[in-house]
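Hi,

Here is the structure I promised to pass on. Have a look at it first, and my notes follow below.

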Amino acid sequence: MQVRDDTGNRLRFQLELEFVQCLANPNYLNFLAQRGYFKDKAFVNYLKYLLYWKEPEYAKYLKYPQCLHMLELLQYEHFRKELVNAQCAKFIDEQQILHWQHYSRKRMRLQQALAEQQQQNNTSVK
Amino acid sequence: MKLALDQGKIHHEMQLLEKVVEKRDSDIQQLQKQLKEAEHILATAVYQAKEKLKSIEKARKGAISSEEIIKYSHRISASNAVCAPLTWVPGDPRRPYPTDLEMRSGWLGQMNNPSTNGVNGHLPGDALAAGRLPDVLAPQYPWQSSDMSMNMLPPNHSNDFMLEPPGHNKENEDDVEVMSTDSSSSSSDSD
């Protein structure tokens, strides 16, 4: 009995880990909103229960930590209502992708600046 | 005449005493100012010390080994989960969140499709379901963290999420199953 409970709990852990990370996908949130899941009280309570993933001992398993921000926003009814609009989901998607590119852009800029500096040094030495 | 002289003397003494009283008054006021200043300085110092103690306590509570932080940051950066790959261009299917394909290939998607052996053979998740998956492909989507999570259990929760205060009944897998049923059918794509 004990073994089966553990297996069941482990499976539940895996499933909840997957599901909470799916919340990082704004298209999936739009999908859930359009099918009325956000109006279901039980589902809203489930979202509140999922907040345990913010604890460090659970958060370290998240590959997409941005899902926690979405989870926090989902606690607000206004946000849940807005997600029915495809435009809202599209906007969030675009902003997410832009933010995702922020570091690589910054790195490219730094590399360019470094290359320019080196070029200047070479020309000044000559 | 003598009375007038006496009055004069007393008046003179009174003036002297008034001067002394005035001087004492100004001394007391000076002391009051200094005490007030000292109180202000001490209050500031005590407040700052309390804030410092609070932040020390906070830091102690959240203490994590630097190795673990480095490991985690490497994990989320190397998989391009938080930083776009340098070669990313519009049209690249990679995203900062799990895509449709990843969602369907995971445990949630598999729960709904127990009998799709070889129907969509090109998907690694289905190959896993069919038991034909070689070991090297097993952690195809590390976001599922199958090997790391074996010792981890979720917190207890009530069977019915309609109740406000959570009890400690058996796990509720019905909610999860309903979601995976719908998510494996066409989810809204805006790509």
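Let's start with helices H7 and H8 of chain A, in what is a predicted model. The axes of H7(A) and H8(A) come within 4 Å of each other, and they cross at roughly 35 degrees. On the H7(A) side, the contact is made by A:Leu98, A:His99 and A:Trp100, while H8(A) brings in A:His102, A:Tyr103, A:Ser104 and A:Arg105. Sorted by class, that contact has three nonpolar residues, three polar ones and one charged one.

H7(A) is worth a moment by itself. It runs over residues 86-100, so it has 15 residues by the numbering of DSSP runs. From its first C-alpha to its last it reaches 21 Å, close to the 21 Å expected at 1.5 Å a residue. Which residues of H7(A) are buried? They are A:Cys88, A:Ala89, A:Ile92, A:Asp93, A:Gln96, A:Ile97 and A:Trp100. These cover an arc of only 165 degrees around the axis, so they sit on the same side of H7(A). And what do the buried residues of H7(A) pack against? Their partners are helix H2 (26-34), helix H5 (66-74), helix H6 (77-82) and helix H8 (102-125), also of chain A. A:Trp100 turns up twice here: it is buried in H7(A) and takes part in the contact with H8(A).

Between H7 and H8 of chain A there is a loop, and A:Gln101 lies in it. Is A:Gln101 buried or exposed? Its relative accessible area is 14%, and because buried means under 20%, A:Gln101 counts as buried. Leaving aside residues up to four places away in sequence, A:Gln101 touches B:Ala84 and B:Trp88, so to speak a handy place to step across to the other chain.

Before that, the overall picture of chain A. It has eight helices and zero strands, giving the pattern α-α-α-α-α-α-α-α along the sequence. Of its 126 residues, 47% count as buried. If you take the contacts in chain A between residues at least 6 apart in sequence, 66% of them join residues at least 24 apart.

Now chain B. Here there are six helices and, again, zero strands, and from the N terminus the elements run α-α-α-α-α-α. Chain B has 191 residues, of which 24% count as buried. Among its contacts with a separation of 6 or more, 41% come from residues 24 or more positions apart.

The element to look for in chain B is helix H1, residues 2-61. At 1.5 Å a residue, its 60 residues should span 88 Å, and the end C-alpha atoms are 87 Å apart, which agrees. How many of the 60 residues of H1(B) are buried? The count is zero, so this helix is hardly covered, given that buried means under 20% relative accessible area. UniProt, in an unreviewed entry, places a "coiled-coil region" at residues 14-48 of chain B. Over that stretch the chain is 100% helix and 0% strand, with the end C-alpha atoms 51 Å apart.

One last detail is B:Asn80, found in the loop between helix H2 (66-78) and helix H3 (100-105) of chain B. Its phi is near 60 degrees, a positive value in a residue other than glycine. With 21% relative accessibility, B:Asn80 counts as partly exposed.

Over to you!

Note on methods. Residues numbered from 1 in each chain as written. Chains lettered and ligands numbered in written order. Predicted model: local features only at pLDDT ≥ 70, side-chain atom pairs only at ≥ 80, totals over all residues. Heavy atoms only, no water. UniProt positions renumbered as here; feature names shortened; annotations may be inferred. Helix = DSSP H or I, 4+ residues; strand = E, 2+ residues; numbered from the N terminus. Expected span 1.5 Å × (residues − 1). Buried < 20%, exposed > 50% of the residue type's maximum accessible area, 1.4 Å probe, protein only. Arc of directions from axis to C-beta. Contact = heavy atoms within 4.5 Å. Axes fitted to C-alpha atoms, helices over the stretch in contact; angles between N-to-C directions. Nonpolar A, V, L, I, M, F, W, Y, C, P; charged D, E, K, R; others polar.
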